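I set out to record what I looked up in this model, entry by entry. My interest is in a few local sites first, and in the whole chain afterwards.

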Amino acid sequence: MKSIAGTVRHRHPSLLNLLIGAIIALLLLFSLGIFTIQVLQARDALVDRQRGEINNLAQSLSLSLVPAVRQGDWTSARVLLQSVCDGGAVSRIRLESADGEHSVLVEHARPAAAPGWFRSLVPISQISARRMLAGGWMQMGEVRVEADEGLAYAQLWELTRQLLLWMLLGMGVAIVIAVVCLRQLLAPLSRLAARLEEMQLQGFETSLTTSRFRELNGITGAVNRLGSRLNAQFEAQAEQVVRLQRLAERDEVSRLGNRAYLVRAMDDWLAAPVGGSAMIIRIHQLEVIYREEGFAARDTAIRAIGDYLAGVRIDEEALMAARLSAHEFALILPDLTEQARDRQVEEILDRIDDIVDANPLALERIHHARAGVVPREPGLGRMTLLSAADNALREADEQGRRWIVTQRVSALDERGRNEWRQVIETALAQRHYHFVAQSVVMNDGSEFHQEVYIRLDESGQEHLASAFMPVARQFRIADRVDQCVLDWLAGWPRLPEYRLALNLSMDTLTGEESLTHVIQWLEQRPRWAALLDLEVNGEVVVRHRERVEQLFRSVRRLGTRVGIDRFGRNLQAMPSLIRLRPDYIKIDQTFFVRDNVNAEFLHSLCIAVHQLDTRVIVTRVESEEHRERIVELGADGFQGYLTPSQPLLPGGRDS
């Protein structure tokens, strides 16, 4: 199986650093040029001045030494030469008589004031002067004076140090000024880039503020126009998806879902690890209204019933409702206690009775609506549930009762919810659980990630998430299950070579402490953050979009990918996509494999999602035929029975 490594982020050079580097290079180049010119000019000036001084000194000595040489007083001549050598920039003076019999040499060595590398880098030629001692028409001798280069080097070295100091100081000041100015100039561009990156993650709903720089205003305006165009394009595509869904799954009279919608909604509900009940309502009074008042009156009553059912909210969650026939409706109730469920059923039936009652002022309430209710149990399919609900409804008619709830047949569900809670808490506390993973495979055969599922162990019996997660949600301990998964991953001896996906519960999203813990867990483990995909369910997005947005914004900066699971349920999360910008969404295969659903609707859904650079993954794919169909309609990958779950061990599947 192919694995996907963490996303490699290429580091691009900073424009500010490049500009500062270029400025430093130019300043250094110009400064070195000016420095070299100044040093060479100073050297030439020192050489010219020293040459003039040596020539003048040689001329003076040639005149001063004539009396001593004429008298043969070579001692006086030496004293004179010694005094001149000690007091001037002279390194050597030689006096020779014309006949060559007498010679006086005076030398004066001074310590080097400049380093050797500097003397070799800036050479100064040897300066000397020669003069003849003339006594009338006769030459009495010759004096030769050689300049001391050390004095010139000392002066030149001191000048070089001063120039170098001021050059470095000037470059430092210039660089500081350049950095400050460039930061001021590039700050709008940096803010623009940061805003563009934020808009890429969160959408283009807000416009960029204008800049005081003309060039940046053009970029800002172009980005705002592009964002508006993308928003309009996505909104138009989303509206088309909703419109096509209504055409395919909406009953025009009641404005509820039709049978096609009920099939998809029930399959999606049964595929998720949630509880609840299926309910069929029969309203005999609708037939009476039709016989006595005609189609229009009956349709008006049906529309009123549909408006009521569409507006019912249980724990801030809308009912899934559909019209089955002229006088029957089907509902999916959320997970409730038996007492709360019975109260809700009675309230719904009372309200429907009020809508269809021909004499609302009657002293006694007449029961026109009856219902059959079937609690969801593990292993029950859609047809079994609907058949059981229909049988319960028939029994209610025969026995004259308003509703009947079928008895549970699963041994697991015979347990009370408090007993289930104890099983969950014991398993979590004693770590009696294990994990499996199911791969998501893309159309090209590569593995997108592996979704992690938890299983509870009880005396050798394995409990699937669909059996205990509804209870965990009811008692608000589902976040402890998520925490259990994170703690287990933190103890792995080594990181896997593939990505893992975690589906976070609503309790984790709604709890401030639990949500903060998830974000901090990823911040403290950046290598794990780069290997994880975090998912939330579509109903969580609808009910708590701000919390989901906070999670997505925080973890994406750490390299974590984000996704939305069970996205197709009523498509209510569609408007949120443009702000959430998930990396992928997961849709149940019931969306794609039904022959009676318009393929244009499914294709439009994929196109709209792809506009946000989001992948479409289809879950519960059962056959190769289903896989081929989802590829034709534009999905990017699949998950299901073609990729069975495998045990997940610390360090990887094959540990």
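Entry 1, a buried acid. I began with the side chains of E535 and K586, which are joined by a polar contact of 2.6 Å. The model is a predicted one, and I read that distance accordingly. I then located E535 in the secondary structure and found it in strand β16, residues 532-537. Is E535 buried or exposed? Its relative accessibility is 0%, and because buried means under 20%, E535 counts as buried. I also listed what E535 touches beyond four places away in sequence: H449, E451, A501, L502, N503, L504, G563, D565, Y584 and K586. K586, the partner in the polar contact, is thus one of the residues in that list.

Entry 2, a buried serine. I looked up S439 next and found it in strand β12, which spans residues 433-442. At 8% relative accessibility, S439 counts as buried. I noted a polar contact of 2.9 Å between the side chain of S439 and that of E447.

Entry 3, helix α8. I asked which residues of α8 (285-293) are buried, and obtained Q285, L286 and I289. These residues cover an arc of only 105° around the axis, so they lie on the same side of α8. I then checked what covers them, and the cover includes β5 (277-283), α9 (295-311), β9 (328-333) and α10 (338-356). After α8 comes G294, for which I noted a positive phi near 100°.

Entry 4, a helix pair. Two packed helices are described by the angle between their axes and the distance between the axes. For α12 (residues 417-429) and α13 (residues 465-474), I recorded an angle of about 100° and axes 9 Å apart. Since angles of 65 to 115 degrees count as roughly perpendicular, α12 is roughly perpendicular to α13. By class, I found 6 nonpolar, 1 polar and 2 charged residues in the contact of α12 with α13. On the α12 side I listed R417, W420, R421 and I424, which meet A467, F468, V471, A472 and Q474 in α13.

Entry 5, the whole protein. I closed with the totals. The secondary structure comes to 22 helices and 21 strands. How many of the 655 residues count as buried? I noted 47%. Of the contacts with a separation of 6 or more, 70% are between residues 24 or more positions apart.

Technical notes
Residues numbered from 1 in each chain as written. Predicted model: local features only at pLDDT ≥ 70, side-chain atom pairs only at ≥ 80, totals over all residues. Heavy atoms only, no water. Buried < 20%, exposed > 50% of the residue type's maximum accessible area, 1.4 Å probe, protein only. Helix = DSSP H or I, 4+ residues; strand = E, 2+ residues; numbered from the N terminus. Arc of directions from axis to C-beta. Contact = heavy atoms within 4.5 Å. Polar contact = N/O pair within 3.5 Å; in protein donor to acceptor, adjacent residues only side chain to side chain. Axes fitted to C-alpha atoms, helices over the stretch in contact; angles between N-to-C directions. Parallel < 35°, antiparallel > 145°, perpendicular 65-115°, else oblique. Nonpolar A, V, L, I, M, F, W, Y, C, P; charged D, E, K, R; others polar.
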